[in-house]
Amino acid sequence: MSEAMARELMAQRFRSFLPVVVDLETGGFNPAGDAILEIAAVTLTMDPEGNLLPDATYAYHVTPFEGANVEQSALDFTGIRLDDPLRQQVAVGEAEALGEIFRPVRKAIKSHGCTRAVLVGHNAAFDHGFLNAAVARCGIKRNPFHPFSSFDTASLAGLVYGQTVLARACRAAGIEFDNSAAHSARYDTERTAELFCAMVNRYKDMGGWALAQREQGLEEA
């Protein structure tokens with residue numbers, strides 16, 4: 001299969017959606033009032049054999065928006081230190097972080113012949129809620145992500161491996177997972193991307209995708 005055919009297959013595989021893995025570390029559980037502290041995204045691509053692969057990673061430390069709430073329990077859980085001088089040097093505002101991530105996502109959507117991105121996340125509703133809240137807060141008009149559809153790797157891993165915790169699901173899939181590096185948006189996103197690709201490719205190797213294509217062809221006929 002040529003690279004052009006691989007791009008065409010990507011567009012067909014998820015109904016013209018491009019899966020993009022996203023993880024956010026936040027200051028709590030309330031998307032409307034709690035801060036986003038880190039955001040990372042991994043774009044995916046497809047090789048000539050039709051295997052889904054991680055492509056590029058984009059990750060940013062985020063400055064809490066004005067008036068945002070940050071729970072100490074959230075900082076204790078993630079290990080994020082807001083007063084860390086190195087973090088303060090590189091952290092950017094929400095609008096800038098989203099812009100820097102949305103730009104390559106739009107480019108990847110176009111290069112793969114897709115129409116928009118679909119968020120992939122571990123417990124995706126959490127990340128999707130915070131992403132949508134930030135988009136609204138920043139007044140962003142062109143959000144490349146579908147507003148409500150997502151792929152949840154916690155649910156998928158529960159089905160495939162009988163595990164819903166990210167670390168355990170990764171290990172069940174043969175993916176190394178360092179607990180000491182967890183709860184960094186970059187690290188968790190990259191492991192989630194590997195896990196999602198492993199499950200999609202496993203389904204393909206078992207013949208599931210070929211069966212779905214045949215059934216789709218019969219319905220269209």
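This briefing walks through the pockets, aromatic contacts and a few individual residues of the structure above. Please keep in mind that the model is predicted. Its largest pocket has a volume of about 600 Å³, and its second largest pocket one of about 320 Å³. Seven aromatic pairs are counted, and a UniProt record marks positions at D23 and H183.

**The largest pocket**

- A good place to start is the largest pocket, with its volume of about 600 Å³; 24 residues line this pocket, and E25, F77, F126, H183 and D188 are the closest to its centre.
- Several elements contribute to this lining: strand β1 (17-26) and the helices α2 (72-78), α5 (124-138) and α7 (166-172) give at least two residues each.
- In terms of residue class, the lining of the largest pocket holds 10 nonpolar, nine polar and five charged residues.

**The second largest pocket**

- The second largest pocket, at about 320 Å³, is lined by R13, F14, F151, L156, L159, V160, F196, M199, V200, R202, Y203 and M206.
- Two elements, α6 (153-160) and α8 (185-205), each give two or more residues to the lining of the second largest pocket.
- Of the elements, α8 gives the most to that lining, with five residues.
- Which classes of residue make up the lining of the second largest pocket? There are 10 nonpolar and two charged residues, and no polar ones.

**Aromatic pairs around F14**

- For each pair of aromatic rings, look for two values: the distance of the centres and the angle of the planes.
- Among the seven aromatic pairs is the one between F14 and F151, whose ring centres are 5.7 Å apart; the planes meet at 50 degrees, so this pair counts as tilted.
- F14 belongs to the loop between α1 (3-13) and β1, while F151 belongs to strand β5 (residues 145-152), so their contact ties together parts that are 137 residues apart in sequence.
- F14 has 9% relative accessibility and therefore counts as buried, where the cut-off for buried is under 20%.
- F151, at 26% relative accessibility, counts as partly exposed.
- Ring pairs join F14, F151 and F196 into a cluster, and F14, F151 and F196 are also among the residues lining the second largest pocket.
- F14 has a charged partner too: the charged end of R13 sits over its ring, 4.9 Å from the ring centre.

**The F177 and Y187 pair**

- How are the rings of F177 and Y187 arranged? They form an edge-to-face pair, 5.4 Å centre to centre and with 75 degrees between the planes.
- F177 sits in the loop between α7 and α8 and Y187 in helix α8, so the pair ties together parts that are 10 residues apart in sequence.
- F177 is buried, with a relative accessible area of 11%, and Y187 also counts as buried, at 16% relative accessibility.
- A charged residue lies over the face of Y187: this is R191, at 4.6 Å from the ring centre.

**Positions marked in UniProt**

- From an unreviewed UniProt entry comes the feature "binding site" at D23.
- D23 is part of strand β1 and is buried, with a relative accessible area of 11%.
- The unreviewed UniProt entry also places the feature "active site" at H183.
- H183 is located in the loop between α7 and α8, and with a relative accessible area of 28% this residue is partly exposed.
- H183 is one of the residues closest to the centre of the largest pocket.

**Backbone details and one more residue**

- Phi of H183 is near 70 degrees, a positive value in a residue other than glycine.
- S16 also has a positive phi, of about 75 degrees, although it is not a glycine.
- S16 lies in the loop between α1 and β1, and its relative accessible area of 21% makes it partly exposed.
- P147 is in strand β5 and is partly exposed, with a relative accessible area of 42%.
- From P147 to L119 there are 28 residues in sequence, and the two are 9.2 Å apart in space, C-alpha to C-alpha.

Note on methods:
Residues are numbered from 1 along each chain as its sequence is written. This is a predicted model: local features need pLDDT of at least 70, side-chain atom pairs count only at pLDDT 80 or more; totals for chains, interfaces and linings use all residues. Side-chain values use heavy atoms; hydrogens and water are left out. On a 1 Å grid over the protein atoms alone, a cavity is a set of points where a 1.4 Å probe fits but cannot get out, and a pocket is an open set with protein on both sides within 12 Å along at least five of seven lines; lining residues have an atom within 4 Å of a point. Grid points are joined across faces, edges and corners, and a volume is the space filled by probe spheres set on the points. Helices (H or I, at least four residues) and strands (E, at least two) are DSSP runs, numbered from the N terminus. Ala, Val, Leu, Ile, Met, Phe, Trp, Tyr, Cys and Pro count as nonpolar, Asp, Glu, Lys and Arg as charged, and the others, Gly among them, as polar. Rings of Phe, Tyr and Trp (its six-membered ring) pair if their centres lie within 6.5 Å; planes under 30 degrees apart count as stacked, over 60 as edge-to-face and the rest as tilted. Buried means under 20% relative accessible area, exposed over 50%, partly exposed in between (1.4 Å probe, protein chains only). A charge sits over a ring if NZ of Lys or CZ of Arg is within 6 Å of the ring centre and within 35 degrees of the ring normal. UniProt positions are given in the numbering used here, feature names are shortened, and annotations may be inferred rather than shown by experiment.
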